[in-house]
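Here is a friendly walk through the side-chain chemistry of one protein chain. We will look at cysteines, charged pairs, aromatic rings and a patch on the surface.

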Amino acid sequence: MKLSVERKPIRVNPDPKRVIARFFFNGNDRAKEVLKRVIEISEEEAFSIISPLLQEYSKRHRNITRVLNRHCAKLKPFFSELNIDYDTLTVYRKLLIGSYFTHEYSIESAAFFNPSIVQDPDQNELSEGERRVIMSFRAVGEGHISSITFRRALIDKNNNITVLPAGNYIDEAEIVRNAVYNKKLFFDKAAVTQINIDVLRELEAKLDHHFEYSNLRRIIIDSQKMQENDMIKLEYDKVLWLADSYYEIVFSLDTDISDRVIFPISEYERKGIEDARFVEFINDDGSCVYYATYTAYDGALIMPKLLQTTDFYNFKIMPLYGAGAQNKNLALFPRKIHGKYVMISRIDGCNNYIMYSDKINIWEKPILLQKPKFSWEFVQIGNCGSPIETKHGWVVITHGVGPMRRYVLGASLLKLDDPEVEIGRLKEPILIPNSDEREGYVPNVIYSCGSIINNNKIIIPYGLSDYSTSFAEIDIDELMAKFKEDAKEMKKEDRKVTA
């Protein structure tokens with residue numbers, strides 16, 4: 001029996017018109033030179049420059065004056081150095097200064113791919129069989145910097161999918177740094193990032209068992225003043241960068257889901273936020289929270305991180321700790337099993353592991369779950385998002401990498417009450433890049449970060465060659481029948497080998 005997989009006639013492509021106004025900074029000396037020049041022009045000239053800019057860019061951004069004022073305020077330390085009284089500057093002068101430190105960034109000009117999908121918290125006014133969903137995407141722009149963006153979609157009773165149009169504007173969130181750090185966990189993570197051990201020991205000795213960001217920052221600034229070695233000063237900065245990896249972000253309530261972008265914020269994310277795997281997690285009391293694991297990348301170091309939200313307006317973000325929180329490809333199960341959080345990961349870059357934990361951000365003692373078995377996954381096997389619960393077991397959509405570094409999708413079935421047990425694994429991929437899907441930024445790759453069940457079908461959104469996104473659908477009953485058929489065939493083959 002050949003498993004039937006229906007490809008949906010939908011493509012979600014990158015849109016270069018989706019731009020965000022970001023802070024632009026070209027170094028201390030150049031910033032001060034620009035400030036001097038802008039301060040020297042007359043009020044009339046300042047108004048004549050900024051007025052047409054506001055008219056032009058107000059059509060491209062929801063509140064461009066707020067953005068420009070915020071960017072101007074970031075420069076307050078330089079105003080003090082130049083003996084300029086910030087408070088006496090006129091409204092238009094501040095806006096003009098902000099404009100010189102602002103640039104537009106097209107967040108998805110290069111690619112829009114590697115989607116995950118979860119049920120929308122709002123399921124009102126739907127007919128039977130319909131479902132409203134929220135999708136996340138890895139959006140890639142200039143410099144191959146990745147961010148997390150969102151779309152809302154509607155699945156009808158026949159599993160036809162409509163991805164709703166994006167809004168006209170994109171907003172970054174307000175950043176809130178109010179985390180309280182556990183000293184042991186924080187410095188364990190710092191040691192993994194290979195920060196100078198003497199610097200870590202010094203700071204650790206000066207901090208309480210629990211400390212706040214402001215306290216750490218004050219101690220680091222005081223310590224740097226005592227240092228003449230620029231390389232050691234940089235090591236102190238790295239500790240602050242790690243602290244910056246804990247934060248909350250808040251989006252305005254007047255934004256559509258498609259208006260919100262989670263852009264790299266901390267230094268350890270500066271080269272991108274990759275492949276968020278969102279999951280609707282059901283707590284023991286029946287309440288729901290959405291988690292996403294993702295990879296932060298600074299150009300050299302990979303840092304697995306966890307994002308948490310209940311409403312997609314407010315997000316808490318933190319690093320993940322432990323021997324199991326290494327490399328990429330972490331995916332959280334959608335509920336606890338025997339009182340433990342459960343995670344799948346690919347800590348060695350090749351095999352799938354499973355881990356259990358009492359705390360959602362600490363992952364130790366990974367257990368080998370799956371090795372590459374078939375030729376299409378000989379290079380590596382990994383997950384394509386959180387396991388999906390069915391009455392038959394946990395369905396895990398996997399990715400396999402084979403000859404010519406071709407990425408394909410497979411499927412495995414794990415035991416419900418003991419997911420260390422693999423009940424079945426399909427011998428053949430469920431999805432291989434076809435001739436229409438294999439060309440893109442990275443050829444011959446299809447990849448997903450999460451799937452969902454609707455009307456007894458598994459709906460798999462997937463990225464096409466690291467460029468755009470499409471959808472596929474598999475009937476659950478057919479999939480279970482195929483698991484059984486393949487299991488019987490493999491048993492027969494095993495008997496022949498041992499005979």
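A search of the whole structure, which is a predicted model, finds 0 disulfides. Why does Cys288 have no bond to another cysteine? The closest cysteine sulfur belongs to Cys449 and lies 19 Å from the sulfur of Cys288, which is too far for a bond; the cut-off for a disulfide is 2.5 Å between the sulfur atoms. Cys350 is in no disulfide either, with the nearest cysteine sulfur, that of Cys384, 15 Å away. Both cysteines have some access to the surface: Cys288 counts as partly exposed at 29% relative accessibility, and Cys350 counts as partly exposed at 24%.

Charged side chains come next. Side chains of opposite charge can pair when their charged atoms come close. The structure holds 34 salt bridges, and the table shows some of them.

| Salt bridge | N to O distance | Relative accessibility, first residue | Relative accessibility, second residue |
|---|---|---|---|
| Arg62 and Asp259 | 2.7 Å | Arg62: 29%, partly exposed | Asp259: 4%, buried |
| Arg152 and Asp120 | 2.6 Å | Arg152: 22%, partly exposed | Asp120: 3%, buried |
| Lys457 and Asp475 | 3.3 Å | Lys457: 23%, partly exposed | Asp475: 15%, buried |

Where do the partners sit along the chain? In the salt bridge between Arg62 and Asp259, Arg62 lies in the loop between α2 (43-57) and α3 (64-73) and Asp259 in the loop between β11 and β12, so this pair ties together parts that are 197 residues apart in sequence. The salt bridge of Arg152 with Asp120 also links distant parts of the chain: Arg152 belongs to strand β6 (residues 146-155), while Asp120 is in the loop between β4 (111-119) and β5 (131-140), 32 residues apart. Asp475 and Lys457 form a salt bridge between two strands, with Asp475 in β29 (residues 468-475) and Lys457 in β28 (residues 457-464), 18 residues apart. Salt bridges that share partners also join Arg62, Arg66, Asp171 and Asp259 into one network.

Asp259 deserves a second look. Its loop runs between β11 (247-250) and β12 (261-262). Is Asp259 buried or exposed? Asp259 is buried, because its relative accessible area is 4% and the cut-off for buried is under 20%. Leaving out residues up to four places away in sequence, Asp259 touches Arg62, Gly167, Asn168, Tyr169, Ile170 and Asp171. Two of these names, Arg62 and Asp171, also appear in the salt-bridge network.

Now for the rings. A pair of aromatic rings is described by the distance of the centres and the angle of the planes. The count comes to 22 aromatic pairs. One of them, Phe23 with Phe25, is stacked, at 6.1 Å centre to centre and 15° between the planes. Phe23 counts as partly exposed at 27% relative accessibility, and Phe25 counts as partly exposed at 34%. Elsewhere, Phe150, Phe251, Phe278, Tyr290, Phe312 and Phe315 form one aromatic cluster.

Finally, the surface. Which residues make the nonpolar surface patch of about 290 Å²? The patch is made by Phe47, Val91 and Tyr92. Val91 has its place in helix α5 (residues 91-100) and is exposed, with a relative accessible area of 57%.

Terms used:
Residues numbered from 1 in each chain as written. Predicted model: local features only at pLDDT ≥ 70, side-chain atom pairs only at ≥ 80, totals over all residues. Heavy atoms only, no water. Patch = residues over 30% accessible without salt bridge, like charges linked within 9 Å, V, L, I, M, F, W, Y side chains within 5 Å. Areas by Shrake-Rupley, 256 points an atom, 1.4 Å probe, with all protein chains shown as cover. Salt bridge = Lys/Arg side-chain N within 4 Å of Asp/Glu carboxyl O. Helix = DSSP H or I, 4+ residues; strand = E, 2+ residues; numbered from the N terminus. Buried < 20%, exposed > 50% of the residue type's maximum accessible area, 1.4 Å probe, protein only. Contact = heavy atoms within 4.5 Å. Phe/Tyr/Trp six-rings, centres within 6.5 Å; stacked < 30°, edge-to-face > 60°.
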